[in-house]
Amino acid sequence: MVEAIPNFRESALFTPAEKAALRLADAMAGDHKQAPYDEIFAELRKYHSEEQIVALGWKTGIWLGYGRLVHALDVPAVGASCAIPVKTASG
């Protein structure tokens, strides 16, 4: 299923509820200021309660932030040390 995520909209592997949740995650990860949130939330409400939608948003935000921190710290692998890198003026 992980390999199908980039094409989740067309994939038969995901339920409509999962596709709605993935659309929210995709919007938050991409050009989030231009995303059609009214449409996204309307679709989510077909399958999830307001509390579940908020939880999906929080979890998505946490994972996006985690990924950006891992990148910023230049962590080479899951479970690796998270020392803050020191950059020199030359590079």
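**Notebook: a predicted three-helix chain**

**Entry 1. Arg 9 and Asp 26**

I began with Arg 9, whose relative accessible area of 45% makes this residue partly exposed. I note at the outset that the model is predicted. Next I asked which residue Arg 9 meets in a salt bridge. The partner is Asp 26, and the N to O distance between the two side chains is 3.3 Å. This pair links distant parts of the chain, since Arg 9 belongs to the segment before α1, Asp 26 belongs to helix α1, and 17 residues separate them. I then looked up the exposure of Asp 26 and found it partly exposed, at a relative accessible area of 39%. As a reminder to myself, side chains of opposite charge can pair when their charged atoms come close.

**Entry 2. The remaining salt bridges that I looked up**

I recorded a count of four salt bridges. One of them joins Arg 23 and Glu 39, with the closest N and O atoms 3.2 Å apart. Arg 23 sits in helix α1 and Glu 39 in helix α2, so this salt bridge ties together parts that lie 16 residues apart in sequence. Arg 23 has a relative accessible area of 25% and is therefore partly exposed.

Another salt bridge is formed by the side chains of Glu 50 and Arg 45, at 2.7 Å from N to O. I found Glu 50 partly exposed, with 43% relative accessible area. Arg 45 is also partly exposed, with a value of 46%.

**Entry 3. The chain as a whole**

I then turned to the overall arrangement. The protein chain holds three helices and zero strands. Read from the N terminus, its elements follow the order α-α-α. The chain has 91 residues, and 19% of them count as buried. I noted an accessible surface of about 7000 Å², with 61% of that area belonging to carbon and sulfur atoms. For contacts between residues at least 6 apart in sequence, I noted that 27% join residues at least 24 apart.

**Entry 4. Helix α1**

What distance separates the end C-alpha atoms of α1? They are 20 Å apart, and this agrees with the 20 Å that 14 residues should span at 1.5 Å a residue. I listed the buried residues of this helix as Ala 20, Ala 21, Leu 22, Leu 24 and Ala 27. The buried residues of α1 pack against α2 (37-45) and α3.

**Entry 5. Two buried polar residues**

Is Ser 11 buried or exposed? Ser 11 is buried, because its relative accessible area is 13% and the cut-off for buried is under 20%. This residue is located in the segment before α1 (16-29). Apart from neighbours within four places in sequence, Ser 11 contacts Ala 4 and Lys 19.

I asked the same of Thr 60, a residue of helix α3. Thr 60 counts as buried, at 14% relative accessibility. With neighbours within four places in sequence again set aside, Thr 60 is in contact with Ala 25 and Met 28.

**Entry 6. Aromatic pairs**

I recorded a count of two aromatic pairs. Tyr 37 and Phe 41 make a stacked pair, with 5.9 Å from centre to centre and 25° between the planes. These residues stand four apart in helix α2, so about one helical turn separates them. Tyr 37 is partly exposed at 24% relative accessible area, and Phe 41 is partly exposed at 27%.

The other pair is Trp 63 and Tyr 66, with ring centres 5.5 Å apart and planes at 80°, so I entered this pair as edge-to-face. Both residues lie in helix α3, where they are three residues apart, or about one turn of the helix. A general point explains such spacings: an α-helix has 3.6 residues a turn, so residues three or four places apart point the same way. I found Trp 63 exposed, with a relative accessible area of 60%, whereas Tyr 66 counts as partly exposed at 46%.

**Entry 7. A nonpolar patch**

Last, I asked which residues make the nonpolar surface patch of about 370 Å². They are Val 54, Trp 58 and Ile 62. Of these I looked up Ile 62, which belongs to helix α3 (residues 50-72). At 54% relative accessibility, Ile 62 passes the cut-off of over 50% and therefore counts as exposed.

Terms used:
Residues are numbered from 1 along each chain as its sequence is written. This is a predicted model: local features need pLDDT of at least 70, side-chain atom pairs count only at pLDDT 80 or more; totals for chains, interfaces and linings use all residues. Side-chain values use heavy atoms; hydrogens and water are left out. Patches are made of residues with over 30% relative accessible area and no salt bridge: like charges are joined within 9 Å, nonpolar side chains (Val, Leu, Ile, Met, Phe, Trp, Tyr) within 5 Å. Accessible areas come from the Shrake-Rupley method with a 1.4 Å probe; for residues, only the protein chains shown count as cover. Helices (H or I, at least four residues) and strands (E, at least two) are DSSP runs, numbered from the N terminus. Buried means under 20% relative accessible area, exposed over 50%, partly exposed in between (1.4 Å probe, protein chains only). Contact means heavy atoms within 4.5 Å. The expected span of a helix is 1.5 Å times one less than its number of residues. Rings of Phe, Tyr and Trp (its six-membered ring) pair if their centres lie within 6.5 Å; planes under 30 degrees apart count as stacked, over 60 as edge-to-face and the rest as tilted.
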